[in-house]
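Welcome, and please have your viewer ready. We will go from one selection to the next, and at each stop I will say what is there.

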Amino acid sequence: MRVLGIAGSPRRAGNTDLLLGEVMRGAASLEAETRTLFLRNLKIAPCDHCDVCLETGRCKILDDMQMVYDEVSRADRLVLASPLHFLGLTAQTKTMVDRFQALWAQKYRIGQPALEKRRARKGLFVSVGARKTSNLFAPAIATVRALFAVLDIKYSGDLLFEGIDEQGAILKNPVAMDQAFIAGQQLIEEMPVK
Ligand SMILES: Cc1cc2nc3c(=O)[nH]c(=O)nc-3n(C[C@H](O)[C@H](O)[C@H](O)COP(=O)(O)O)c2cc1C
């Protein structure tokens, strides 16, 4: 079982990095093969809406996104971690999400599956925000659900913490790290039917 983590915060060793690390540790504790991509270290250009993908199902921009397509396709589980930035995903994360438009085109225009059709995939969304308001995460969740739907990844749950702002603040939450570790284990407990 391959678990791919995608870290979307621009802040190194920030709150979502810490949570994602624990989710991946939980998955690895049950023998999953894990890999984490840090979007801040990758070169991913924004979608330029050239519409080439509507004809080809592929993105013509040859940058690190090509590797991200491969990694997501090879993964059984996807853990997407992004803090809230202006209520949505970070620019780094949203830039990557928009580039999946090529796989939307592959699925809905070309008529082929977005990803290699070989397993039932599941995904987990990890996020934090500084504020404490009702429905704080709703806009970000809507975007992640839209992405997962295109990729036929089941939205199996989320790990969301409000009132978390300064770097490392999540470590002061008495349950967050344990919850993240357990979420990583739960994510892989059900083996997909081959
Ligand atoms: C550009 C920017 C925009 C932000 N917008 C929001 C927001 O809309 N709502 C919120 O609750 N927190 C917001 N925050 C706070 C971050 O979500 C918070 O600091 C979080 O803990 C950062 O997580 P990280 O350490 O993983 O980067 C924003 C932070 C930045 C830098």
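Before the first selection, a definition helps: a molecule sits in a pocket if more than half of its atoms lie within 2 Å of the pocket's grid points. Please also keep in mind that this is a predicted model.

**Stop 1: the ligand**

Select the ligand and look at what is around it. By the criterion above, the ligand sits in the second largest pocket. Now expand your selection to the residues around it: there are 17 of them, and the closest are Ser-9, Thr-16, Phe-86, Leu-87 and Asp-165. Try colouring this shell by class, and you should find eight nonpolar, six polar and three charged residues.

Next, show the side chains of Ser-9 and Thr-16. A polar side-chain atom of Ser-9 is 2.6 Å from a ligand oxygen. For Thr-16, a polar side-chain atom also lies 2.6 Å from an oxygen atom of the ligand. Then turn on the backbone of Ala-130, where a polar atom is 2.9 Å from an oxygen atom of the ligand. How much of the ligand's 650 Å² does the protein bury? The ligand exposes that area when taken alone, and the protein buries 77% of it.

**Stop 2: Arg-12**

Select Arg-12, which you will find in the loop between β1 (2–7) and α1 (15–29). Is Arg-12 buried or exposed? Its relative accessibility is 65%, so Arg-12 counts as exposed, the cut-off for that class being over 50%. Now draw a distance from Arg-12 to Arg-2: these residues are 10 apart along the chain, and their C-alpha atoms are separated by 24 Å.

**Stop 3: two residues with positive phi**

Go to His-49, in the loop between β2 (33–38) and α2 (52–56). His-49 is not a glycine, yet it has a positive phi of about 50°. With a relative accessible area of 61%, His-49 is exposed.

Then jump to Asn-135, in the loop between β4 (121–128) and α6 (138–150). Here too the residue is not a glycine, and the phi of Asn-135 is positive, at about 55°. Asn-135 is exposed, with a relative accessible area of 65%.

**Stop 4: Val-97**

Select helix α4 (residues 91–99) and pick out Val-97 in it. Where does Val-97 fall on the scale from buried to exposed? Its relative accessible area is 11%, so Val-97 is buried, since that class means under 20%. Add Ala-146 to the selection: Val-97 and Ala-146 are 49 residues apart in sequence, while their C-alpha atoms are 9.6 Å apart in space.

**Stop 5: Ser-156 and Glu-116**

Move on to strand β5 (residues 153–161) and select Ser-156 there. Ser-156 has a relative accessible area of 34% and is partly exposed. Draw a line to Leu-124, which is 32 residues from Ser-156 in sequence; the C-alpha to C-alpha distance is 5.8 Å.

Finally, select Glu-116, in the loop between α5 (101–108) and β4. At 39% relative accessibility, Glu-116 is partly exposed. How far is Glu-116 from Ser-156 in space, C-alpha to C-alpha? The distance is 20 Å, for a pair 40 residues apart in sequence.

Methods. Residues are numbered from 1 along each chain as its sequence is written. This is a predicted model: local features need pLDDT of at least 70, side-chain atom pairs count only at pLDDT 80 or more; totals for chains, interfaces and linings use all residues. Side-chain values use heavy atoms; hydrogens and water are left out. A residue is near a molecule or strand if one of its heavy atoms lies within 4 Å of it. A polar contact is a pair of N or O atoms within 3.5 Å; within protein, one must be able to donate a hydrogen and the other to accept it, and residues adjacent in sequence count only if both atoms are side-chain atoms. Accessible areas come from the Shrake-Rupley method with a 1.4 Å probe; for residues, only the protein chains shown count as cover. On a 1 Å grid over the protein atoms alone, a cavity is a set of points where a 1.4 Å probe fits but cannot get out, and a pocket is an open set with protein on both sides within 12 Å along at least five of seven lines; lining residues have an atom within 4 Å of a point. Ala, Val, Leu, Ile, Met, Phe, Trp, Tyr, Cys and Pro count as nonpolar, Asp, Glu, Lys and Arg as charged, and the others, Gly among them, as polar. Helices (H or I, at least four residues) and strands (E, at least two) are DSSP runs, numbered from the N terminus. Buried means under 20% relative accessible area, exposed over 50%, partly exposed in between (1.4 Å probe, protein chains only).
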